[in-house]
Amino acid sequence: MIKVENLTKIFGAKRAVDGVSFSVERGEVLGFLGPNGAGKSTTMRMLTGFLPPTSGTVTVGGYDMSEQPIPAKKLLGYLPESAPAYTDMTVQGFLNFAAEIRGLRGEARKTAVRRVVDLCFLESVLHQNVDTLSKGYRHRTCFAQSIIHDPDILVLDEPTDGLDPNQKHEIRQLIRKMGEKKAIIFSTHILEEVDAACTRAIIIDRGVIVANGTPEVLRRKSEWAGAVTLRILGQDAGAVRDKLSQLRVAKKVSVEAGANGVTATVFPRTAGDGDLTREVIAITNGWQISELRTEEGRLDEVFYNITMSETARKETQ
Amino acid sequence: MNSFGNIKTIAKRELVAYFTSPVAYVFIVIFLLLNGFFTFMVAQFFERGVASLSASFFMWHPWFYLFLVPAVGMRLWAEERRVGTLELLLTMPIAPWEAIVGKFLASWLFLGLALFLTFPVVLTVNHLGNPDNGVIFAAYIGSWLMAGAYLAVSCITSAITRSQVVSFIISVVVCLFLILAGFPPVINLLHGLTHNLQWLVEIITSFSVITHFEGFQKGVLDSRDIIYFLSVIGFSLFTTSVILRTHRTS
């Protein structure tokens, strides 16, 4: 549905986006991750035709964004980062305008407005002026605008920014549900959102894609993936460390003594090693174990390793 | 047809926005008060005893517009950029020129409405004497075209900056130039400065709105004057589109 090839944007001397390529098909929800200033918003602005790229192409539903912007933009719905809306209009007026400019007239417009008002819970503020809305409502008003024409492709720049936890949850549910029939790209720096809504994630850092895969694949890059955490009663920390360190499949062991026994984590030599759990159980035979679990791997750690370590390395150079 | 629909939608939104904020009402009231005061008090319409509006009513319009039109036009693009709705507008399936024309037309129609509301002056002069209503009609057309030219200049300055105040000041200065280039004292000064080089003075004065508005006030609908105003509008709107594009590429 949407295909990006070698997209580059240069602001002055800075390469904000540098040779980014990816594609999103119907039924996919692509999470766009990255630290602040990584080029997420710039990429999205080029995707939606607001900024012309310095080089590279954006193809939306077969239309080249720079050659045939109008049919390409018809397929898109876009929620910009700051969720702008005309402050001198009522919510209803704004949504009517958005529907009309998308070519919806008469009865079709009414139906479309009613649909998004229900989806985004805007009924109570329908006749309120946009500049008197709270941030959450304004955000949802702008979100409503982006889905008013039921677009095939949705580009959402930080759709849950500034919302309270309940609203965040609602929006994520909505994204996941809509993602079954649409191609959705959304940016975030909240990692739980990737798990909650995405089928695939891209991590971008300083304008370059540094990781691209399903959340599971990304998580497997973490040293936590497949690690075993257990709590042992009636043993001291030293004994636990000695025993667990004998495991050949363990890369490293971390042990922490607490009031409720000793908590130990065994990291696998190869990420996602399924044998580790069995071996840990075997070697601790006879101990009193109150808790045992296999870790899934942590996205935040992957994110940190990929973006921070490189940033730190560049800075020391 | 499609472009027409888009322009209509944009213009409608803009007009509605004018009337939901106090801008429209403040503008209309001030404009009418100024007209009344200058026509009846300063120009002494009643004491004149002439059944004409040129010397008492229309002659003030270039000066009223100097301050009032930039006040209407300053928000056109500066506000879109400041609030961020420009990003919304330009990612909608419309061509940028449709947005530019739509927003311009809305403001121009609004100025037309304000101008129309001065009709009691026309009724008054008709009640008191027998004016040439054709002349008055032509002067109204000229006044509206002149307002359009000022407005188009304000479009440019509004696209340049995020700040409405900066936009206002710059467009007042530019419009002041458009007036002064045809203001008699300035023309005399130009004659002195250029040592009576007639062609140079004529080129400069031909840029002035006053020179082109004069014909309308006499009831002459000269195609050259109409073309002048329309070309100022066309050129300014084109420049606006270039500025908006430059913002996005750099």
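Which residues touch the most other members of the largest nonpolar core? The close-ups below start there, in what is a predicted model.

**View 1. The largest nonpolar core, centred on two residues of chain B.** Ala149(B) and Leu151(B) are the ones that touch the most other members of this core, which has 134 residues. Helix α9 of chain B, residues 133-160, supplies the largest share, with 16 residues. As a rule of thumb, nonpolar side chains in soluble globular proteins tend to be buried together.

**View 2. Zooming in on Ala149(B) and its contacts.** Leave aside residues up to four places away in sequence, and Ala149(B) touches Val209(B), Phe229(B), Val232(B) and Ile233(B).

**View 3. A second core, separate from the big one.** This one has 15 residues. Among them you'll find Ala227(A), Leu230(A), Ile232(A) and Val266(A).

**View 4. Where chain B meets chain A.** Here 20 residues of chain B are in contact with 22 residues of chain A. On the chain B side, three elements give two or more residues each: α1 (2-20), α6 (85-90) and α14 (223-249). Helix α1(B) gives the most, chipping in six residues. As for chemistry, chain B's side of the contact splits into nine nonpolar, eight polar and three charged residues.

**View 5. The two domains of chain A.** Domain 1 of chain A covers 2-219, and domain 2 picks up at 228 and runs to 297. How far apart do the C-alpha centres of these two domains lie? For domain 1 and domain 2 of chain A, the distance between those centres is 44 Å.

Key: Residues are numbered from 1 along each chain as its sequence is written. Chains are lettered from A and ligands numbered from 1 in the order in which they are written. This is a predicted model: local features need pLDDT of at least 70, side-chain atom pairs count only at pLDDT 80 or more; totals for chains, interfaces and linings use all residues. Two residues are in contact if their C-beta atoms, placed from the backbone, lie within 7 Å. Helices (H or I, at least four residues) and strands (E, at least two) are DSSP runs, numbered from the N terminus. Ala, Val, Leu, Ile, Met, Phe, Trp, Tyr, Cys and Pro count as nonpolar, Asp, Glu, Lys and Arg as charged, and the others, Gly among them, as polar. Domain bounds come from an automatic or database domain assignment. A nonpolar core is a set of buried Ala, Val, Leu, Ile, Met, Phe, Trp, Tyr and Cys residues joined through C-beta atoms within 7 Å. A residue is buried if 20 or more other C-beta atoms lie within 10 Å of its own, exposed if 12 or fewer, and partly exposed in between; C-beta atoms are placed from the backbone.
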